[in-house]
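Welcome! Take a moment to look over the sequence and the 3D view, and then we will walk through a few features together.

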Amino acid sequence: MRQPLFGSLNTRPSLRNTLRLAAFAIGLTMIGSGAQAQTVAGLPTASQPVGMIGAAKPIPGWIRFCEQNPVECAVDASEPATINLTPKDWQTLVRINQQVNTDIKAKTDKDHWGVEDRWDFAEDGYGDCEDYQLVKRKRLVEAGFPRRALRMTVVIDEEGAGHAVMMVRTNRGDLILDNKRNAILSWHKTGYTYIKREGDEGSTWASLGGRTSPTMTANQ
């Protein structure tokens, strides 16, 4: 879903490569330290959830994914729409988020499949942002989490590109699982603009109205 990080920079190839390597090294350092801190820390600070302003249409990649995987897209109204987050739940979220971010290697849908947007489970070990989140949700459901509280979400990232994350709806606010970092952040600390997410009641998605998180933490 995302655009290449350095694709639009007007720089020499050698400089672009240097920038890529520097950004990658810095990212690994920050991701690792963030995950370690969360593993030993207590529950996240409670915050207000992101508000909905109406219905929204699912994106085409999601519709195609649901045609092939209807169980993944079904909404069971008997499940809770939010999780009463316990320390054990928090440790599971941190662990699975980090494991999937490590297990899958980033590859755009264009390079991977020859198409602009395909949602899948990254079974060959490669995937785009939405694929990371689908695998995380699958593993969390297997660990006992209600699928209804694990909502695929479309945002605009700090580079102005479309990006998919997973919103975990809890009694402590909406938490974001992301392949760009191992640290799990409250939605308002990500620096993203929130466009829409899966709905809680049926196949229609929920519009988030372009709500911009007030805290820019893209470099955390």
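## A buried aspartate and its partners

Asp200 is buried, with a relative accessible area of 10%. Keep in mind as you look around that this is a predicted model. The side chain of Asp200 meets that of Arg197 in a salt bridge, with 3.2 Å from N to O. Arg197 counts as buried too, at 0% relative accessibility.

This pair belongs to a wider group: Arg169, Asp174, Arg197 and Asp200 are linked in a network of salt bridges. In total, the structure holds 12 salt bridges.

## Two bridges across the sequence

Another salt bridge joins Glu201 to Arg148, and here the closest N and O atoms are 3.0 Å apart. Glu201 sits in the loop between strand S8 (193-197) and strand S9 (205-212), while Arg148 sits in the loop between H6 and strand S4 (150-156), so the two tie together parts that are 53 residues apart in sequence. How do the two partners compare in burial? Glu201 is exposed, with a relative accessible area of 63%, whereas Arg148 counts as buried at 9% relative accessibility.

Glu198 forms a salt bridge as well, this time with Arg151, and the closest N and O atoms are 3.5 Å apart. Glu198 is found in the loop between S8 and S9 and Arg151 in strand S4, so this pair ties together parts that are 47 residues apart in sequence. Is Glu198 buried or exposed? Glu198 is buried, with a relative accessible area of 2%. Its partner Arg151 is also buried, with a relative accessible area of 0%.

## Where two helices cross

Now let us turn to a pair of helices. Helix H4 covers residues 87-103 and helix H6 covers residues 129-142; their axes come within 10 Å and cross at roughly 140 degrees. An angle over 145 degrees would count as roughly antiparallel, and 65 to 115 as roughly perpendicular. H4 and H6 are therefore oblique to each other. Their crossing is right-handed.

Which residues of H4 and H6 make the contact? On the H4 side they are Thr92, Leu93, Ile96, Asn97, Gln99, Val100, Asn101 and Asp103. On the H6 side they are Tyr132, Val135, Lys136, Arg139 and Leu140. Taken by character, the residues of this contact between H4 and H6 divide into six nonpolar, four polar and three charged.

How values were computed: Residues are numbered from 1 along each chain as its sequence is written. This is a predicted model: local features need pLDDT of at least 70, side-chain atom pairs count only at pLDDT 80 or more; totals for chains, interfaces and linings use all residues. Side-chain values use heavy atoms; hydrogens and water are left out. Axes are lines fitted to C-alpha atoms, for helices over the stretch in contact, and angles run from 0 to 180 degrees between N-to-C directions. Helices (H or I, at least four residues) and strands (E, at least two) are DSSP runs, numbered from the N terminus. Angles under 35 degrees count as roughly parallel, over 145 as roughly antiparallel, 65 to 115 as roughly perpendicular and the rest as oblique. A crossing is left-handed if the near helix is turned anticlockwise from the far one by less than a right angle, and right-handed if clockwise. Contact means heavy atoms within 4.5 Å. Ala, Val, Leu, Ile, Met, Phe, Trp, Tyr, Cys and Pro count as nonpolar, Asp, Glu, Lys and Arg as charged, and the others, Gly among them, as polar. A salt bridge is a side-chain nitrogen of Lys or Arg within 4 Å of a carboxyl oxygen of Asp or Glu. Buried means under 20% relative accessible area, exposed over 50%, partly exposed in between (1.4 Å probe, protein chains only).
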